[in-house]
Amino acid sequence: MSAPMILSHVPLWVWLLLAYLVWQGSRALSDHTVPLRRVALVPIVFILWGLSGLISRSEGSMAPSLTWMVAAASMIPAGYRIGPRHMTIDRARALVHRTATPWPLVRNVSLFAAQFAIGMAIAMRPEERFALGLLRAALSGALAGYFLGWALAFRRQYAAAGRMTA
């Protein structure tokens, strides 16, 4: 199968997800304020996408699940440490002020591109499905773990913002 043929079969939701991630990342290039609930959207998208990599591609072997779990566990500390650094939380108004940074755009597009490339490789090289599936499981687990750590760090920051105003 050729790349153009495979690309023509990519579901619409994939392109919509890419557009959303680019839009969200582009917004981060300038200071802005968003509702508190919106801050959770990108982590939720990546956690769910990561979980879908575990659930939908086990192929009767424990190896992908174990790979996913090890990758997720290894990335939780990184997500927690890096976490939401460029934010100020206003709990009273349920708003988050985000200072300009290119990190979300670079991170979101890079992670999307990696997931997309693995999917393309699996479609183009079905004989390598198991090995590429392990790579996909590792990336999916790493995504879920990183964003779970990020969400935990955000929760910590949110709790601290409440203590400062009390």
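Relative accessible area is sorted here into three classes, computed with a 1.4 Å probe and protein chains only: buried means under 20%, exposed means over 50%, and partly exposed covers the values in between. The structure is a predicted model, in which local features need pLDDT of at least 70 and side-chain atom pairs count only at pLDDT 80 or more, while totals for chains, interfaces and linings use all residues. Residues are numbered from 1 along each chain as its sequence is written, and side-chain values use heavy atoms, with hydrogens and water left out.

Side chains of opposite charge can pair when their charged atoms come close. A salt bridge is taken as a side-chain nitrogen of Lys or Arg within 4 Å of a carboxyl oxygen of Asp or Glu. On this criterion, the structure holds three salt bridges.

A convenient place to start is the pair formed by Arg-93 and Asp-90, whose closest N and O atoms lie 2.7 Å apart. Arg-93 is exposed, at 60% relative accessibility, whereas Asp-90 is partly exposed, with a relative accessible area of 24%.

The remaining description centres on Arg-125. This residue is partly exposed at 42% relative accessibility and pairs with Glu-127, the closest N and O atoms being 2.8 Å apart. Arg-125 also forms a salt bridge with Glu-128, where the closest N and O atoms are 3.3 Å apart. Arg-125, Glu-127 and Glu-128 are thus joined in a network of salt bridges. Of the two acidic partners, Glu-127 is exposed, with a relative accessible area of 57%, and Glu-128 is partly exposed at 34% relative accessibility.
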